[in-house]
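Grab a coffee and work through a few exercises on the model below. Try each task yourself before you read the solution.

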Amino acid sequence: MLRDASSLANPQETRVTHLDWKVTVDFTASALIGRATYTLDRVDPDATTLCLDTSRLEILTVVDQNDDSLSFALESPGGDSVAHSHLGQRLVIRIAPATTSVAIDYRTTPASSACQWLPPAQTSGGVFPYLYTQAQAIHARSLIPCQDMPGVKFTYGATVTVPAWATPVMSAILKTTSRAHPDDSQHGSSKIYTFEQTVPISAYLLALAVGQLEKRDLSPRCAVWSEPSVVEAAAYEFAQTEEFLTMAEDLAGTPYVWGRYDLLCLCASSPYGGMENPCITFVTPTLLAGDRSLADVVAHEIAHSWTGNLVTNATWDHFWLNEGWTTWFQRKIMSRIHHDDHEQLLDLDAIGGYQALQDACSREMPLAYQKLVLDIGDGDPDEAYSSIAYEKGFHLLRALERRVGTSAFEAFFQSYVQKYAYQTLTSDDFRDFFTTYFEDNEAIRDFDWETWFYEPGMPPEDPPFDRTLAEHSAQLAQVWLAVDRHGRMLPTTSIADWTSLQTTCFLDALLLQTNHNSVPPKDPLKVSTIRALQKAYRLADSRNSEILFRFCMLAVAAEDETILPTVVRFITTQGRMKFTRPLYRTLFASVMGRDLAVQVFLGHKEFYHPICAKMVASDLLLSSSSSNSGVWATMRNTISLGKSWMWAVGGAAVAVGMGITIARHRRR
Ligand SMILES: [Zn+2]
């Protein structure tokens, strides 16, 4: 199998095929305490080790199927190199020829990057704590020792013990729930839930959330989960889920294989719009606009049930196969739902995406990460994450679709899903399959795969968008620019009956025309224009987070101090990186907000998910001086790692707390 440098595991020799996970959720200690039992495929029968990825885990004991102790060690790659700290530590377990399974007793530490332990104050209810996990891209290793790479898929069963007040949900099907019973610890009574995932998944799709959760059924196979005070709003917002799912099945030509499709509407700090955890997508509450206008994110996560979860990128270098396909699939679903026969609505959405792509390419993003096919090596996949995979990937697929025709391409999509279901593939696999499928089609002969795959920057072909629906938005943006630049009359156009997509398109046009990406902004709007915009359209009061975000970006670039309370409220009451990172960056680049950005971040860093906190700190030129004390310091160059090797039999080896100091240069 393909080597994956983002993992320290050895599936080429010994591969895990099934996980039996027994885990107790200890809110008092902010720890998962558990036993991970793996069934092994002895790919190389002579191999003497099973290597698993770990990060900041405390490994207690390892035994085989007969309960006999196995010796193990924790190994840090690259010695003391901080450049590799995101890889964690390799757990090397000595196995005998007869070893068929291993069981690892372990516990997580508060520094686990996959876990977000929220105190009651950070929940909607304010009474109970909350835990949710986010394992993509390589954070599963901080949740459980595992072969943490997309190329290894395994089934799993889980037995989860939680406090009696709590309800757990997992990326699996719920099988049983026990009655509450007195715990043997001091933490009161507890309940036990069992789950089962019979479709093999990659480790990044392991997911667990535990809180005071309630459920509302949307259809026989769909439900929405959330805290009691949010669940009704979430059920309203996501009411079209079954409709999306049925449409997705029709387009994919393969039935939905995961049984249930539920949604968990998370706490406000969740870093992503959605995470496509099988059986239960985790979504951000920033989608709760009150008018179902942001439900396309649900279509996106549903699409991942085929592209990503079933057909999976072989390594994170080929992330576009997950996200480019899913963006294409999502837009097709929404287009069909809205009877958008000429794909004008699809193009309106894609025009917004194209601008996000331009933003990514014009930012100080390293050229290496502007390629569709990445070469992350043993670098940190979080650093390579951007809209490139989504939008450039989408445009590659649309370019192919234009050449072969829409109906042929949609039929190809169905064959692609059938061919690679339950597997992983690389970009070359995709190219080979496509070119073989369309072997006799002259139109793809000269397709420039090399440029599409490996050249950084914008796609080599300008997409021929149908701009019919975007026209009004573009025209209104021009009128406002004339107001700003030449003192023309204020427009009287009402946008009250516009779709939210048209409004975001209008704001996108203003952002583009004012070069908001240059630092500092080259051509910001005047403060007077921002105030007139607010007076006309009340954009700062929008419940639609996409609209609010764009208006805040314009107003900060304009140095309009009256927007600051709104911006601070926005970036401290939700932690979705799509909004939080650009707003922090723009604030930091402004004259009025540079110090404020740092102050606000330092005052709220505990609110954010660890992944978001890490990325914003990097954006603000801050670095973490301690992996788990939460102290952030200005940029330093200090690196000190403790012991990199430890062998133990039956004893405890601690992977963290060894005085790890992390500092990194900001990428330019
Ligand atoms: Zn996605």
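**Exercise 1. Work out how the donor residues of the zinc ion are spaced in sequence.**

Solution. Start with the pattern: the spacing reads H-x3-H-x18-E. Keep in mind that this is a predicted model. Next, put names to the letters: the histidines are H300 and H304, each giving its NE2 atom, and the glutamate is E323. E323 turns up twice in the donor list, each time through an OE atom. The coordination distances run from 2.1 to 2.6 Å.

**Exercise 2. Decide which geometry class suits the site of the zinc ion, given the angles among its four donor atoms.**

Solution. First get the angles: they go from 53 to 151 degrees. Then recall the reference value: four tetrahedral donors would ideally sit at 109.5 degrees. To count as tetrahedral, all angles must lie between 85 and 135 degrees. The range of 53 to 151 degrees breaks that rule, so the site is classed as irregular.

**Exercise 3. Are H300 and H304 buried or exposed?**

Solution. The cut-off for buried is under 20% relative accessible area. H300 has 8% relative accessibility, so H300 counts as buried. H304 has a relative accessible area of 0%, so H304 is buried too.

**Exercise 4. Check the overall dimensions of the protein chain against a compact globule.**

Solution. Take the length first: for 668 residues, a compact globule would have a radius of gyration near 26 Å. The protein chain comes in at 25 Å, which agrees. Now look at the extents: the C-alpha trace spans about 80 × 60 × 50 Å along its principal axes. On the inside, 60% of the residues count as buried. On the outside, the accessible surface is about 25,000 Å², and carbon and sulfur atoms own 51% of that. As for contacts with a separation of 6 or more, 73% are between residues 24 or more positions apart. The secondary structure tally is 18 helices and 26 strands.

**Exercise 5. Find the order of the strands in the open sheet of five strands, and say which are the edge strands.**

Solution. Walk across the sheet: the order is β16-β17-β18-β20-β19, and the pairing is mixed. The ends of that row are the edge strands, β16 (214-219) and β19 (274-275), each pairing on one side only. Now zoom in on one pair: β16 runs antiparallel to β17 (residues 222-226), with five bridges between them. Across from R216 you'll find V224 in β17.

**Exercise 6. Which residues does W480 touch, not counting those up to four places away in sequence?**

Solution. Place the residue first: W480 belongs to helix α11 (residues 471-486). Its relative accessible area is 1%, so W480 is buried. Then list the partners: L490, P491, F506, L510, T529, A532, L533, A536 and Y537. Pick T529 for a closer look: W480 and T529 are 49 residues apart along the chain, yet their C-alpha atoms are separated by 7.8 Å.

**Exercise 7. Do the same for N10 and S335: where do they lie, and what do they touch?**

Solution. N10 sits in the segment before β1 (15-26). With 7% relative accessibility, N10 counts as buried. Leaving out residues up to four places away, N10 touches T49, L50, C51 and Q147.

S335 is part of helix α4 (residues 319-337). At 6% relative accessibility, S335 counts as buried. Under that sequence filter, S335 touches D340, E343 and L346.

Conventions:
Residues numbered from 1 in each chain as written. Predicted model: local features only at pLDDT ≥ 70, side-chain atom pairs only at ≥ 80, totals over all residues. Heavy atoms only, no water. Donors = N, O, S within 2.8 Å, 3.2 Å for Na, K, Ca; no water. Tetrahedral: all angles 85-135°; square planar, octahedral: opposite > 155°, others 65-115°. Buried < 20%, exposed > 50% of the residue type's maximum accessible area, 1.4 Å probe, protein only. Helix = DSSP H or I, 4+ residues; strand = E, 2+ residues; numbered from the N terminus. Rg over C-alpha atoms; globule rule 2.2 N^0.38 Å. Contact = heavy atoms within 4.5 Å. Areas by Shrake-Rupley, 256 points an atom, 1.4 Å probe, with all protein chains shown as cover. Pairing = 2+ DSSP bridges.
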